[in-house]
Amino acid sequence: MAAAIEGDIDPPGHVRLRDGDRPFWAAVVRARARAEWTDADLVHAANMARAMADIERLQLEIEGEGDVLTNARGTVVANPKHAILEQLSRRVMALTRLLQMQAAASGDLEDKTKRRKAESEARKVARQLEDDLIPTA
């Protein structure tokens, strides 16, 4: 509750964020508890926010230009912005792993596995009780 009152974490003073990066910065730093962020993590978070903002900008440009372009020689080629978009997407995925922000998803998987195991054990006990209650001879 105290972290909510303090508001969003600001980037370190030596890290520059553009205006368009701010919504992505907020989303990234809210993904973990305030106390879990180190200064080095915040630098990586800023890189991630910039990459995410660039992805959105490039995606809009590609939508306007199209997936293929005609170059100066008149040859139809794939829009080169797709390669940049791919690099930025890979960067975001790498930073997600580096910052261990995918942990929530794996935690959900662990919870599901524990639940399934408990349900399986409960079914075994129920079957055993049924077997004990039903006379076989």
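Modeller: A residue counts as buried when its relative accessible area is under 20%. The model here is predicted, and in its chain of 137 residues the buried ones make up 23%.

Biologist: What makes Asp41 count as buried or exposed?

Modeller: The relative accessibility of Asp41 is 16%. The cut-off for buried is under 20%, so Asp41, at 16%, is buried. Asp41 belongs to helix α3.

Biologist: Which residues does Asp41 touch, not counting those up to four places away in sequence?

Modeller: Asp41 touches Arg32, Glu36 and Leu99. Each of these contacts means heavy atoms within 4.5 Å.

Biologist: How do you know whether Val76 is buried or exposed?

Modeller: Exposed requires a relative accessible area over 50%. Val76 has 56%, so Val76 is exposed. Val76 lies in strand β2, residues 76–78. Outside its neighbours within four places in sequence, Val76 is in contact with Val68, Leu69 and Thr70.

Biologist: What is said of the phi of Gln100?

Modeller: Phi of Gln100 is near 55°, a positive value, and the residue is other than glycine. Gln100 sits in the loop between α4 and α5, the latter being 103–133. The relative accessible area of Gln100 is 56%; with the limit for exposed at over 50%, Gln100 is therefore exposed.

Biologist: Where do the helices and strands come along the chain?

Modeller: From the N terminus on, the order is α-α-α-β-β-α-α, which comes to five helices and two strands.

Biologist: Why are α3 and α4 described by the orientation they are given?

Modeller: Two packed helices are described by the angle between their axes and the distance between the axes. For α3 (residues 39–65) and α4 (residues 81–98), the axes come within 9 Å and cross at roughly 155°. Angles over 145 degrees count as roughly antiparallel, and α3 and α4 are therefore roughly antiparallel to each other. Their crossing is left-handed.

Biologist: Which residues make the contact of α3 with α4?

Modeller: On α3 they include His44, Met48, Ile55, Leu58 and Glu65. On α4 they include Lys81, Leu85, Leu88, Val92 and Leu98. By class, the contact of α3 with α4 has 12 nonpolar, six polar and five charged residues.

Biologist: What makes His44 in that contact polar, nonpolar or charged?

Modeller: The charged class holds Asp, Glu, Lys and Arg, and His is absent from both that class and the nonpolar one, so His counts as polar.

Biologist: Why do α2 and α3 get the orientation they are given?

Modeller: The axes of α2 (residues 22–29) and α3 come within 8 Å and cross at roughly 130°. Under 35 degrees would be roughly parallel, over 145 roughly antiparallel and 65 to 115 roughly perpendicular, with the rest oblique. An angle of roughly 130° falls in none of the named ranges, and α2 and α3 are therefore oblique to each other. The crossing of α2 and α3 is right-handed.

Biologist: Which residues of α2 and α3 meet?

Modeller: Phe24, Trp25, Val28 and Val29 of α2 meet a set in α3 that includes Leu42, Ala45, Met48, Met52 and Glu56. The contact of α2 with α3 has 11 nonpolar, no polar and one charged residues. Glu is among the residues that count as charged.

Biologist: How much area does the chain expose, and what share do carbon and sulfur atoms supply?

Modeller: The chain exposes about 10,000 Å², with 55% of it from carbon and sulfur atoms. Among contacts between residues at least 6 apart in sequence, 56% join residues at least 24 apart.

Note on methods: Residues numbered from 1 in each chain as written. Predicted model: local features only at pLDDT ≥ 70, side-chain atom pairs only at ≥ 80, totals over all residues. Heavy atoms only, no water. Helix = DSSP H or I, 4+ residues; strand = E, 2+ residues; numbered from the N terminus. Buried < 20%, exposed > 50% of the residue type's maximum accessible area, 1.4 Å probe, protein only. Areas by Shrake-Rupley, 256 points an atom, 1.4 Å probe, with all protein chains shown as cover. Axes fitted to C-alpha atoms, helices over the stretch in contact; angles between N-to-C directions. Left-handed = near helix turned anticlockwise from the far one by under 90°.
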